[in-house]
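Visitor: Hey, got a minute to walk me through this one? I'd like to start with the ground rules.

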Amino acid sequence: MAEKEIQGVEVTCPCGETLDVGAHGAPGGGFVTPDGQYVLLLMELKRGFQEFFAETTAGRRDEWIKAQFGYGWPCSGEDAEYLEEFVHHCISRHSRIVYECHKCGRLLIDSKKSDELELISYCADDKSFHGMLDRELRND
Ligand SMILES: [Zn+2]
């Protein structure tokens, strides 16, 4: 699976602040999923889960794992680990990486024009940091 591996990378915000974008899960980072990609993401997840369970039932679980992640991928893990990795890959494919500058509040969003990280900045109206990507989401 082609996916950007972003670890230990520093980017400079237009305000001059240096952001250590680090690995997934770093503070101030996240994903943006456009509506059209969200539908595709759900379809890919559904297809992948159906295939995983069908292949597992048919005794071809390892083949599914190798087809998804490559032939060097170990197959001795728990099912939930592979499904989590599959979900992560799907989200990465259908979303753009986004970072929020902790100094000026700009959102820096990956253009996804290539395999290289190319961030486009969007400036907040009041030019202050809001911690938008680190806030809890209300689900009620
Ligand atoms: Zn900034």
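Guide: Sure, contacts to begin with: two residues are in contact if their C-beta atoms, placed from the backbone, lie within 7 Å. The model is predicted, so local features need pLDDT of at least 70 and side-chain atom pairs count only at pLDDT 80 or more, while totals for chains, interfaces and linings use all residues. Residues are numbered from 1 along each chain as its sequence is written.

Visitor: Cool. Which residues does Asp 110 touch, then?

Guide: Leaving out residues up to four places away in sequence, Asp 110 touches Arg 96, Ile 97, Leu 117, Glu 118 and Leu 119. Asp 110 is in strand β5; strands here are DSSP runs of E, at least two residues, and helices are runs of H or I, at least four, numbered from the N terminus.

Visitor: And is Asp 110 buried or exposed?

Guide: Asp 110 counts as buried because it has 20 C-beta neighbours inside 10 Å. The cut-offs are 20 or more other C-beta atoms within 10 Å of its own for buried, 12 or fewer for exposed, and partly exposed in between, again with C-beta atoms placed from the backbone.

Visitor: How far is Asp 110 from Phe 31?

Guide: C-alpha to C-alpha they are 9.5 Å apart in space, with their positions 79 residues apart in sequence.

Visitor: What does β5 pair with?

Guide: β5 (residues 107-110) runs antiparallel to β4, joined by three bridges; pairing takes at least two bridges found by DSSP. Tyr 99 sits opposite Leu 108 in β5. The two strands make a hairpin with six residues between them, and Gly 105 in the turn has a positive phi of about 80°.

Visitor: Which other strand does β4 pair with?

Guide: β3 (residues 29-32), which is antiparallel to β4 (residues 96-100) over four bridges. In that pair, Gly 30 is opposite Val 98.

Visitor: Which residues make up the largest nonpolar core?

Guide: Seven of them: Leu 19, Val 21, Tyr 99, Cys 101, Leu 107, Leu 108 and Leu 119. A core here is a set of buried Ala, Val, Leu, Ile, Met, Phe, Trp, Tyr and Cys residues joined through C-beta atoms within 7 Å. Leu 107 also touches Val 98, Glu 100 and Tyr 122, not counting residues up to four places away in sequence.

Visitor: Switching topic: which residue has a positive phi although it is not a glycine?

Guide: Lys 112, at about 55°. Most residues other than glycine have a negative phi. Lys 112 is in the loop between β5 and β6 (119-122), and it counts as partly exposed because it has 14 C-beta neighbours inside 10 Å.

Visitor: OK, helices. What span should α1 have?

Guide: At 1.5 Å a residue, the 23 residues of α1 (residues 35-57) should span 33 Å, and the end C-alpha atoms are 33 Å apart, so the two agree. The expected span is 1.5 Å times one less than the number of residues. Just after α1, Gly 59 has a positive phi of about 80°.

Visitor: What about domains?

Guide: The domain assignment gives domain 1 (1-33 + 97-135) and domain 2 (34-94), with bounds from an automatic or database assignment. Four residues of domain 1 contact 10 residues of domain 2.

Visitor: And the big picture: what pattern does the protein follow along the sequence?

Guide: β-β-β-α-α-α-β-β-β, which comes to three helices and six strands. The C-alpha atoms fill a box of roughly 55 × 35 × 25 Å along the principal axes.
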